[in-house]
Amino acid sequence: MKSLKSAVMDSHKDSQKIELAIQKGKEKIYPTKNTIGEKVRIQMEAILQDRLADSIDLQTQAKQAHWNVKGPNFIALHELFDKIAEESEESEEYPDLIAERIVQFGGVAEGTVQVVANRTNLPNYPLVLMTGREQIEAFSHTLAVYGELIRTTIKQAAELDDPATADIFTQISRSVDKNLWFIEAHDQAEK
C-alpha cells in the first residue's frame, strides 16, 4: 500500500500531465470545412468562451435565488427563478447554443466550474439575501449586466460578418429581456 505522501506525489504528477494536455489542446484548433475565415472563427471563439462562462454563471445565480428566496412572494419567485434556470426556452439553452457554436468553429467549449469562475463577467451574487425584494434586486442586476454583454456580442458578431452567431445572441437577448421584465414586474407594483 502506498504512503499518503507517495499517493499525493503521484496525484501531483497526474495533475501535471493533465495540465500539459490541456495546454496542448488550447493550441489546437480542430479542422473544419466551415467557410468562415479562421481569423474570424478564432476571434468569435474567444468571445463565445466568455459568453459561455457568463451563461453558466447566470444559471447558477438563478438557482441560488431559487433555493434561498423568502417572504410573502416566496412561491411565485421560487418558481420564476427556477423557470429561468431550467426551462429549455430560457437560460439552460444558452450554454448549449454557445458551446455548440464554439465547437462548430473547431474550438473546444470550456464549461467547467473552474473555467467559469475565472472567466465570468457577471457580478458576484450575494449569498446572504433574505427577502424576495433583495433577491429581485440582485438577480435583476445580474440579468441586466448579462443582457448588455449579449447585446455587445451581437454587435461584435455583426462587425466580424458572422450573422449566424449574431442571430444566436439575438435569440438569447429577446429571452433575457423577457426574463428581466418578469423579475422586475414583481417589484414594480410595490413602488
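## Helix α3 and its buried residues

In this predicted model, the buried residues of α3 are Leu77, Leu80, Phe81, Asp82, Ile84 and Ala85. They pack against three other helices, namely α2, α6 and α7 (163-188).

Helix α3 covers residues 74-86. Its 13 residues should span 18 Å at 1.5 Å a residue, and its end C-alpha atoms are 18 Å apart, so the two values agree.

## The chain as a whole

The chain has 7 helices and 0 strands. Read from the N terminus, the order of elements is therefore written α-α-α-α-α-α-α. Of the 191 residues in the chain, 39% are buried.

Contacts can also be sorted by how far apart the partners are in sequence. Among those between residues at least 6 apart, 75% join residues at least 24 apart.

## Helix α6

Helix α6 runs over residues 132-159. It has 28 residues, and the distance from its first C-alpha to its last is 40 Å, close to the 40 Å expected at 1.5 Å a residue. Two of its residues are described here, Ser140 and Arg151.

Is Ser140 buried or exposed? Ser140 is buried, because its relative accessible area is 9% and the cut-off for buried is under 20%. A polar atom of the Ser140 side chain lies 3.2 Å from the backbone oxygen of Glu137. Apart from neighbours within four places in sequence, Ser140 is in contact with Leu180, Ile183 and Glu184. Leu180 and Ile183 are among the buried residues of α7.

Arg151 has a relative accessibility of 31% and so counts as partly exposed, since that class lies between the 20% limit for buried and the 50% limit for exposed. With residues up to four places away in sequence not counted, Arg151 touches Ala144, Ser173 and Asp177. Arg151 and Phe169 are 18 residues apart in sequence, and their C-alpha atoms are 7.4 Å apart in space.

## The loop after α6

Which residue just after α6 takes a positive phi? The residue is Asp161, with a phi of about 60°. Asp161 lies in the loop between α6 and α7. Most residues other than glycine have a negative phi. Asp161 has its positive value although it is not a glycine.

Asp161 counts as exposed because its relative accessibility is 62%, and the cut-off for exposed is over 50%.

## Helix α7

The 26 residues of α7 should span 38 Å at 1.5 Å a residue; its end C-alpha atoms are 36 Å apart, which agrees. Its buried residues are Thr165, Ala166, Ile168, Phe169, Ile172, Ser173, Ser175, Val176, Asn179, Leu180, Ile183 and Asp187. These buried residues pack against α2, α3, α4 (93-104) and α6.

Ile172, found in α7, is one of the buried residues, with a relative accessible area of 1%. Which residues is Ile172 in contact with, leaving aside its neighbours within four places in sequence? They are Tyr94, Leu97, Ile98, Tyr146 and Ile150. Tyr94, Leu97 and Ile98 fall within the range 93-104 of α4, while Tyr146 and Ile150 fall within the range 132-159 of α6. Ile172 and Arg151 are 21 residues apart along the chain, and 9.3 Å separates their C-alpha atoms.

## The second largest pocket

Rolling a probe the size of a water molecule over the atoms shows where empty space is left. The second largest pocket has a volume of about 200 Å³. Its lining consists of Ile56, Asp57, Thr60, Gln61, Val113, Val116, Ala117, Thr120, Pro123, Asn124 and Tyr125.

Which helices each supply at least two residues of this lining? They are α2 (38-68) and α5 (113-119). Helix α2 gives the most, with 4 residues. By class, the lining has 6 nonpolar, 4 polar and 1 charged residues. The charged residue is Asp57, because Asp belongs to the charged class.

Technical notes: Residues numbered from 1 in each chain as written. Predicted model: local features only at pLDDT ≥ 70, side-chain atom pairs only at ≥ 80, totals over all residues. Heavy atoms only, no water. Buried < 20%, exposed > 50% of the residue type's maximum accessible area, 1.4 Å probe, protein only. Polar contact = N/O pair within 3.5 Å; in protein donor to acceptor, adjacent residues only side chain to side chain. Contact = heavy atoms within 4.5 Å. Expected span 1.5 Å × (residues − 1). 1 Å grid on protein atoms, 1.4 Å probe; cavity = no way out; pocket = protein on both sides within 12 Å on 5 of 7 lines; lining within 4 Å. Points joined across faces, edges and corners; volume = space filled by probe spheres on them.
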